[in-house]
Amino acid sequence: MKIRVSIATASLLGLKNYIVAAQPTTLYFMLPGDCKGQCLYCTHREGYLSRVKWPEFDMKEVIKAIKKKGAKRICIQCPYDDNIDIIEEVAKKLRDFAPISASITAIGKEEMERLREADIERVGIGLDCASQRIFIKWKKNTPSWKEYIDAIENAKDIFGSVTCHLIIGLGESDEEAINLMQKMAAKGVKIALFAFFKEGKNLVPLPRYRIMQIARYAIENGGATFSFDNGKLIEMEVKRITKEAFLTSGCPNCNRPFYNERVTKIYNYPYLPSDNEFEQAVKEAEKYGRIYIASE
Ligand code: SF4
């Protein structure tokens, strides 16, 4: 059996000799095969997903390497296809090494139960769009918006822990993005924030992304208040801003190094930012909107 391995993971496992700027804290794998979906923002093609190349390896070779190296988390990227049998088979081979996340589309309840039985610990669901308005524009040949929302709710019941993938930069307003984050937080669902990256470019300005990172972190950690003008975020009040706000978000230990940015302009920090990086990140955010720190 063959499996695709992200180049940073392959390097960490000693399967390839690439130089990577930051080590992944999760091992990322992708099932072989095409995706049935035709999301217009997606770059899943010929062994690529987002900026990342995913060469194929023999599963036995991969397992041998994981046994030597260990892992904090394993993520299996599952293209939209009728591949539950394969996801199950891969999960059963990897489940002894670390908690498994499966990054899936809006599958049905019974299929999720099968994944749970195969010891998948949690799922990440690629809703990607902040609202139905954006979803209709970008997501083609996939389950519907309602099916995605239902799948997130079912996943919460079945797995207990769920991550919802959200891309910033698809034309959503700030209000739409923040509303979605608040709705997900109310359901106990974590947000994995992505910056739209296509054809070698980030298509969301860094100051806007920084303020969204602060908003996400605040929403999931004690709340925040927001003021909008015509959908644009004007000001927000948060309890505090910490370095963790700028880390890659999503499942525990998922750092997706340079998944949606170049090494020279970091959007999601795969490591805790230095004092200087933190200061710069807050300054970037303040270029976009006013941020008040609530007095305790
Ligand atoms: S947040 Fe990370 S570990 Fe979780 S499903 Fe998404 S990519 Fe995988």
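Visitor: How many residues of the shell around the ligand are nonpolar, polar and charged?
Guide: This is a predicted model, in which local features need pLDDT of at least 70, side-chain atom pairs count only at pLDDT 80 or more, and totals for chains, interfaces and linings use all residues. Residues are numbered from 1 along each chain as its sequence is written. Ala, Val, Leu, Ile, Met, Phe, Trp, Tyr, Cys and Pro count as nonpolar, Asp, Glu, Lys and Arg as charged, and the others, Gly among them, as polar. The shell accordingly divides into four nonpolar, seven polar and one charged.

Visitor: Which strands each supply at least two residues of this shell?
Guide: Around the ligand (C-beta atom, placed from the backbone, within 6 Å of it) are residues including S101, S103, T163 and H165. Strands are DSSP runs of E with at least two residues, and helices runs of H or I with at least four, numbered from the N terminus. Those supplying at least two shell residues each are β7 (100–104) and β9 (162–168).

Visitor: Which strands stand at the edges of the open sheet β13-β14-β15?
Guide: The pairing in this three-stranded sheet is mixed, two strands being paired if DSSP finds at least two bridges between them. Each edge strand has a single partner, so one side is left without a neighbour in the sheet. The edge strands are β13 (224–229) and β15 (290–293).

Visitor: Which residue of β15 is the bridge partner of E237?
Guide: Strand β14 (residues 232–238) runs parallel to β15, and four bridges join them. The partner of E237 in β15 is Y292.
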